Each structure stands twice: as C-alpha cells, then as structure tokens.
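Let's take a friendly walk through the inside of this protein, from its packed cores to its cavities and charged pairs. Have the model open as you read.

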Amino acid sequence: MTHRQNFASLSSGTDYEQLANRFRPIFARIAEGAVERERTRTLPREPIEWLKKAGFGAVRVPVEAGGAGASLPQLVQLLIELAEADSNIPQALRGHFAFVEDRLNAPAGPARDVWFKRFVNGELVGNAWTEVGAVKIGDVVTKVSPADGEWHLNGRKYYSTGSIFADWIDVFARRSDTHGDVIAAVSTHQPGVRQYDDWDGFGQRTTGSGTSEFVDAVVEADNVIDFSTRFKYQTALYQLVLLAVLAGIGRAVERDVARQVRERTRIFSHGNAPLVSQDVQIQQVVGQISAQVYAAEITAIRAAEPAQRAYIARFGGDEQAERQANIDAEIESAKAQVVVADLVIRAASDLFNALGASGVGESKALDRHWRNARTAATHNPLIYKAKVIGDWVINGTEPPYVWQIGGSPAAK
C-alpha cells in the first residue's frame, strides 16, 4: 500500500557542504585515535557519543521534524567521509540508518513522530537479525510473546552490529501467538538485554558485531512491527552502507600511501630518483590507487540514487514507478558492490608496492585497510550478487529483497 504524503516534508536533500562541515571536525578527532583503537581493539564508544550529541543519527530525518533532511546519496557521501576516519564506525551505525529509513517509509502519525524525536535527541538503534548456532534456514527461534499488555522477547542473536553502542535494537523475531515475523524494537536500558563484544573477525574489529541475548526483555506494543511492512529497498540500503565503508577505506588508503611516500627518505640503489616522492614508478602506483579510489567513491554515491527514488516513490501513488525504483536500488547496489569491493581491496594491497619493508610495521597498522576492506566485502557474498545481476540482465528475474542465512536442511 502506498502512503501519500506532502513531498515538501520528505528528506529530499540539503546543502551537502554545509551538512558535512558540521561533522568534519568530529571526523578529524575520530581519525586521530583510529590506529590506537585498532591496535588495542578498543571499542569507539567515545567517538560514537560525539556523533550522537552532534545529531549525526538524524541526518536523514526530515527538516520539519528536526533533522537535516539529507538524501540517501548525501548520507552515503557523509558515511564515506566518516569511514575514511574510522571504517568501523559507519558499519556500527548501519542498523541505525536502516531503522531510520524504515520509519521514514512508515505512515505519518504519532508512532512515527515518537521515533523521529528519539533520533533527533541522539538515540541510536542497533540490529540483531541473525540466529546463533545450528538453526535451519528460514527458522526464527527468537520469539516475542504477549504478556499482560506488553511483550516479552527471548532469544540469542549474532552479528548484532552496533547494538553494543545503541539505545534500541531492531530485532528480527517471530510472534509466539500468530507465528508471524516481526521487528521488535527493544530498549537496551533494561536487565533483559545482554550484549557481548565477541566478534572474532580479522577485520572491522571494533564494530560491536557480537552476540545479543534477550531474556524476557520488555517490548512496548507499538514497537512490535509487522515485518511485511518493512521498507522494500532494505537490502540495498544495508549494502549502500557497506559500499560507503569500502569507499572510505579507499580514501584512507590514498591518504596514507601519499603521506608515507611524501615523508619517506630511504631509497633503493636501483630506484629512479633521489627521493621516493620523485620516483616515477612510485608515482604510478599512487596514481593508480587514486584512480581506483575515485571510481569506488563515485560508484558508491551513484548507487544510492535509485534507493532515494524508491523512498520518494513510496509516497507518490504510482506503484509501478515504486516497484521499478526498488528493483533498480537492488540491482545497482549489487553492481556497485561487485566493482567497489574489487577496486578497494586491490588498492589496499597495492599500497605496499609503493613502500619499503617498513610499511608493514605494526605501528603504522596499514594492514588494517586490507583486512577491513576484505571483511566488509565478505558480507553478502559477491558471487551471489553477481548471479542476481546476471539473472536480471538475461532473464528479467526480479531480485530478492529479503534473504537469510542458516543451517542447511540437507546437512547432517
């Protein structure tokens, strides 16, 4: 069902430079501590608090509701700048911006206004969708049950990215009464919610992507939301944030390789110049990296355009236009994923071709760029995204908007 709304009240874009300048001093502070957080595996609690207080979580909220009214391409561009400072943080906020997007697509009314106020007040939302252990694909063992006018949530999730920093968690659950799938938005400020920083990946180590446990956690009735009403371009939105993470890593690679080459005084006897910065072969390596990063960033921002069209079309009354925008959002974000991942992973590896053995020193932590890019690119397997694109291009098969991971029924 399409919900008509005054287009002037939608988040259709703002002055990007003015918006970005609000946050660039914070991004600079975040960048100052990024290497130390990486080396010590320190969660970025303080940097995320800076962003909360500055209203970063409300940039997509409409201006009339107290937000910045940014478009999705502008959000992606802003997340790229943040990812250049610390790529863990925009990924930690991925669940938040997805839930904000869902509320943007919800019908106007008091329930939506409450969430807009929460976002504007700095409250953040994490996510917890993936079941833990040998749960068969399609099964949802996390349950939300009615109990004396409220709901109780019980279950255990993994990959709950950013939830450890959040005030709320967007939990994918199943109702115990009707067995319908829902989103349960649960407050983290209660004893029934327990969170653990037990993500053991070799990259993106400080995203807070660990385990969340719910033991009779209380959920308000208004916050049990039928999953069928979830905004259609959600998988595209999740992918757009990862594209921003990758493009931001690319920008950090370009920044760091240029600085290392510029400041390097040691040379090889068989090099081409008295200074590394003047060596034409090194210049070629850095130039190639810069071009790869440019392509990655432009592609990521461009891929957000159809998702913005899908958001606007949600309120336009033209179901065919909305359907096509949702298809485009999924296909274009998938195309971008396939290309951007390759560009940035290659740039993060080529960085070392411009440096000597000192470039692999742990104090520089330059390996974090490759590890973080490889980790971000492993979400949503590239081979399956390429398959979805090919099936659309060849056969016109509409892409899947929701998919799950879980144990195979064929496994013994």
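A salt bridge here is a side-chain nitrogen of Lys or Arg within 4 Å of a carboxyl oxygen of Asp or Glu. One example joins the side chains of Arg251 and Glu84, with N to O at 2.8 Å. Please keep in mind that this is a predicted model.

**Salt bridges**

The whole structure holds 26 salt bridges. Side chains of opposite charge can pair when their charged atoms come close. Three of these pairs are set side by side below.

| Pair | Closest N and O | Separation in the chain |
|---|---|---|
| Arg251 and Glu84 | 2.8 Å | 167 residues |
| Arg302 and Glu332 | 2.8 Å | 30 residues |
| Arg323 and Glu398 | 2.8 Å | 75 residues |

Arg251 sits in helix 8 and Glu84 in helix 4, so this pair links distant parts of the chain. Glu84 counts as buried because its relative accessible area is 18%, under the 20% limit, while Arg251, at 23%, is partly exposed. The second pair links helix 9 (residues 280–303), home of Arg302, to helix 11 (residues 319–350), home of Glu332; Arg302 is partly exposed at 39%. In the third, Arg323 of helix 11 meets Glu398 from the segment after helix 13 (382–395). Both ends are partly exposed, Arg323 at 38% and Glu398 at 31%. Elsewhere, Arg255, Asp256, Arg259 and Arg368 are linked in a network of salt bridges.

**Nonpolar cores**

In soluble globular proteins, nonpolar side chains tend to be buried together. The largest nonpolar core of this model has 97 residues, and those with the most contacts inside it are Leu51, Phe56, Leu78, Leu82, Phe119 and Tyr233. Helix 8 (residues 234–263) supplies the largest share of this core, 14 residues. What does Phe119 touch, leaving aside residues up to four places away in sequence? Its contacts are Gly57, Ala58, Val61, His96, Phe99, Val100, Arg103 and Val125. A second, separate core of 15 residues includes Ala128, Val171, Ala173 and Phe214.

**Cavities**

There are 2 cavities of 30 Å³ or more. The largest encloses about 120 Å³, and among its 16 lining residues the closest to the centre are Ala85, Asp86, Ser87, Arg368 and Asn372. Helix 2 (34–40), helix 4 (72–85), helix 8 and helix 12 (367–378) each give two or more residues to this lining, which comprises 5 nonpolar, 5 polar and 6 charged residues.

The second largest cavity holds about 40 Å³. Its lining has 2 nonpolar, 6 polar and no charged residues, including Trp199, Gln204 and His379.

Notes
Residues numbered from 1 in each chain as written. Predicted model: local features only at pLDDT ≥ 70, side-chain atom pairs only at ≥ 80, totals over all residues. Heavy atoms only, no water. Core = buried A, V, L, I, M, F, W, Y, C linked by side-chain atoms within 4.5 Å. Buried < 20%, exposed > 50% of the residue type's maximum accessible area, 1.4 Å probe, protein only. Helix = DSSP H or I, 4+ residues; strand = E, 2+ residues; numbered from the N terminus. Contact = heavy atoms within 4.5 Å. 1 Å grid on protein atoms, 1.4 Å probe; cavity = no way out; pocket = protein on both sides within 12 Å on 5 of 7 lines; lining within 4 Å. Points joined across faces, edges and corners; volume = space filled by probe spheres on them. Nonpolar A, V, L, I, M, F, W, Y, C, P; charged D, E, K, R; others polar.
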